[in-house]
2 protein chains.
Amino acid sequence: MTKPAPKTKHHHGNLRQALIEAGLSLLEEGGIEALSLRKCAARAGVSHAAPAHHFDGLPGLTKAIGEEGFRVFTAYLQGYIAEHTDPREKLRALCRGYLQFGLDHAGLLKVIFGAGLAAYVDDKRGDADAYQVLRACCAPFIPAGENSQIVEIQVWSLIHGFTLLYISGEFGAPPPAIPDGPFDQVMGLLDRVGTAPAP
Amino acid sequence: MTKPAPKTKHHHGNLRQALIEAGLSLLEEGGIEALSLRKCAARAGVSHAAPAHHFDGLPGLTKAIGEEGFRVFTAYLQGYIAEHTDPREKLRALCRGYLQFGLDHAGLLKVIFGAGLAAYVDDKRGDADAYQVLRACCAPFIPAGENSQIVEIQVWSLIHGFTLLYISGEFGAPPPAIPDGPFDQVMGLLDRVGTAPAP
DNA sequence: CGCGCAAAGTTGACAGCGTAAAGTTTAACT
DNA sequence: AGTTAAACTTTACGCTGTCAACTTTGCGCG
């Protein structure tokens, strides 16, 4: 399948990517508990010490997996907001994509936010990463002359907290498909974002 | 200090509690990474297999530590809301206590929410646990005839997400004391909780 | 009163983990 | 063709959780 890197292929031919994909599949199958350096190596068909030549230990491999996962995460958000034009619906769709990513890839979400998101954000890529997508969706709701970060942090905190609590079962066993009613009700708080406070 | 359990003291005299407290101190010193069954045993002065007689392995010890931590967490929330009577300020104080607990005991917070909060909630204790405190603080803002859970979930999600993102450094390195301005601005979203949607 | 028995704690072993050092293969480049 | 460095393997070490077997302790019951 994916072989776009003909740089060096002494023995294996594009290990590194094979290790990352092994890690991703381990993550899907057994959650974050199941992720281990040695199992990634075994699944890629190399010895347990081979990854050391491509990553800086387990933290390095985990970071690389997180970077890959962050791209998937970004694609989720972009895919969900794509079908909407109204700013409010767009913001709501962003949150739905956030939650759905958490449901589909719970282990990956923990990897991404386990090391601090800053490790994956590449400022040079412009609006191609998840935080820039959030930023763009929040922009229409920023009151004139106010700190833009406030709204972003409000939205991010709300959906991030909801997603983590939801997938860890705090609101009851989560069905794989998001029930529209309750989700929309909770996210109704977003309708107040950026508006004047109630009297 | 704490010796309220003279049940059995064959050799050690209240191991179990000693193991829990060892785990708590390990958590404070080295975060969740530093918590291990063998280190707890060593710190309590017993062999590495001793904990098996008191807990069901590491998961069992972790759960017990989480229960203890949950009591501290509850005390934080109660302490912070105690000094306020206005419902809005009470709700804000609750959130401040939540965040401050996360700052003071980051490892403990991860233990508590790592296994699902439901493991620690004891319904019989009435309003003495953290969720009941949250419930009580949300009660004044529930619109007549509406599902009370919605507001609770909104508040919980917002402060939970904010706390986790804050302590993991997503908003920049967190100072140990919460800066009032930004915190109040973000929590300003709470002022819209339970009010009619904006036109 | 003393005996037994179960609870509490110790010791030793095992598999799995991450990591480091040393050795071997392989490919590329002069 | 020979050298050199990267890629990979092998071996080993310390740490982890868990299990089984053994020793000690002290309570309760005949």
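**Helical packing, an inter-chain aromatic pair and the largest pocket**

In the predicted model, B:Trp156 has a relative accessible area of 6% and is therefore classed as buried, the limit being under 20%. The aromatic residues form 26 ring pairs, counted over all chains. In one of these, the ring centres of A:Phe171 and B:Trp156 lie 5.7 Å apart and the ring planes meet at 80 degrees, so the arrangement is edge-to-face; an angle over 60 degrees is needed for that class. This pair spans two chains: A:Phe171 belongs to the loop between H7 and H8 of chain A, whereas B:Trp156 belongs to helix H7 of chain B. The two partners also fall into separate accessibility classes, since B:Trp156 is buried at 6% and A:Phe171, at 23% relative accessible area, is partly exposed.

Chain A contains eight helices and zero strands. Read from the N terminus, its elements follow the order α-α-α-α-α-α-α-α. The C-alpha trace of chain A extends over about 70 × 40 × 25 Å along its principal axes. Of the 199 residues in chain A, 41% are buried. Among contacts in chain A with a separation of 6 or more, 66% link residues 24 or more positions apart.

Helix H8 of chain A, residues 180-187, has A:Phe183, A:Val186 and A:Met187 as buried residues. These three residues are on the same side of H8(A), because the arc that they cover around the axis is only 95 degrees. The cover over the buried residues of H8(A) includes helices H4 (87-104) and H7 (148-167) of chain A, and also helix H7 (148-167) of chain B. Both chains thus contribute to the surroundings of this buried set.

Helix H5 of chain A likewise carries buried residues, namely A:Gly107, A:Leu108, A:Leu109, A:Val111, A:Ile112 and A:Phe113. Within chain A, the elements covering them include H1, H3, H4 and H7; H7 of chain B is also included in this cover. Just after H5(A), A:Gly116 adopts a positive phi of about 90 degrees.

Two residues of helix H7 of chain B were examined individually. B:Glu152 is situated in this helix and, with a relative accessible area of 2%, is buried. Apart from neighbours within four places in sequence, the contacts of B:Glu152 are with B:Tyr131, B:Leu134, B:Arg135 and B:Cys138. B:Ile159 is also placed in helix H7 of chain B, where its relative accessible area of 1% makes this residue buried. With neighbours within four places in sequence set aside, B:Ile159 contacts B:Cys95, B:Tyr98, B:Phe183 and B:Met187. For B:Ile159 and B:Met187, a sequence separation of 28 residues corresponds to a C-alpha to C-alpha distance of 8.1 Å.

The largest pocket has a volume of about 1,800 Å³. Its lining comprises 47 residues, of which A:Ile32, A:Lys110, B:Ile32, B:Lys110 and B:Gly114 are the closest to the pocket centre. In chain A, the elements giving two or more residues to this lining are helix H1 (17-30), helix H3 (57-82), helix H5 (106-114) and H7; in chain B they are helix H3 (57-82), helix H5 (106-114) and H7. The most is given by H5(A), which supplies eight residues to the lining of the largest pocket. H5(A) therefore combines this contribution with the set of buried residues that includes A:Leu108 and A:Phe113. Sorted by class, the lining consists of 26 nonpolar, 14 polar and seven charged residues.

Positive phi values in residues other than glycine occur at Arg16 in both chains, near 45 degrees for A:Arg16 and near 50 degrees for B:Arg16. A:Arg16 lies in the segment before H1 of chain A, and B:Arg16 in the segment before helix H1 (17-30) of chain B. The relative accessible area of A:Arg16 is 35%, which makes this residue partly exposed. B:Arg16 is partly exposed as well, with a relative accessible area of 37%.

How values were computed
Residues are numbered from 1 along each chain as its sequence is written. Chains are lettered from A and ligands numbered from 1 in the order in which they are written. This is a predicted model: local features need pLDDT of at least 70, side-chain atom pairs count only at pLDDT 80 or more; totals for chains, interfaces and linings use all residues. Side-chain values use heavy atoms; hydrogens and water are left out. Buried means under 20% relative accessible area, exposed over 50%, partly exposed in between (1.4 Å probe, protein chains only). Helices (H or I, at least four residues) and strands (E, at least two) are DSSP runs, numbered from the N terminus. The arc is that of the directions from the helix axis to the C-beta atoms. Contact means heavy atoms within 4.5 Å. Rings of Phe, Tyr and Trp (its six-membered ring) pair if their centres lie within 6.5 Å; planes under 30 degrees apart count as stacked, over 60 as edge-to-face and the rest as tilted. On a 1 Å grid over the protein atoms alone, a cavity is a set of points where a 1.4 Å probe fits but cannot get out, and a pocket is an open set with protein on both sides within 12 Å along at least five of seven lines; lining residues have an atom within 4 Å of a point. Grid points are joined across faces, edges and corners, and a volume is the space filled by probe spheres set on the points. Ala, Val, Leu, Ile, Met, Phe, Trp, Tyr, Cys and Pro count as nonpolar, Asp, Glu, Lys and Arg as charged, and the others, Gly among them, as polar.
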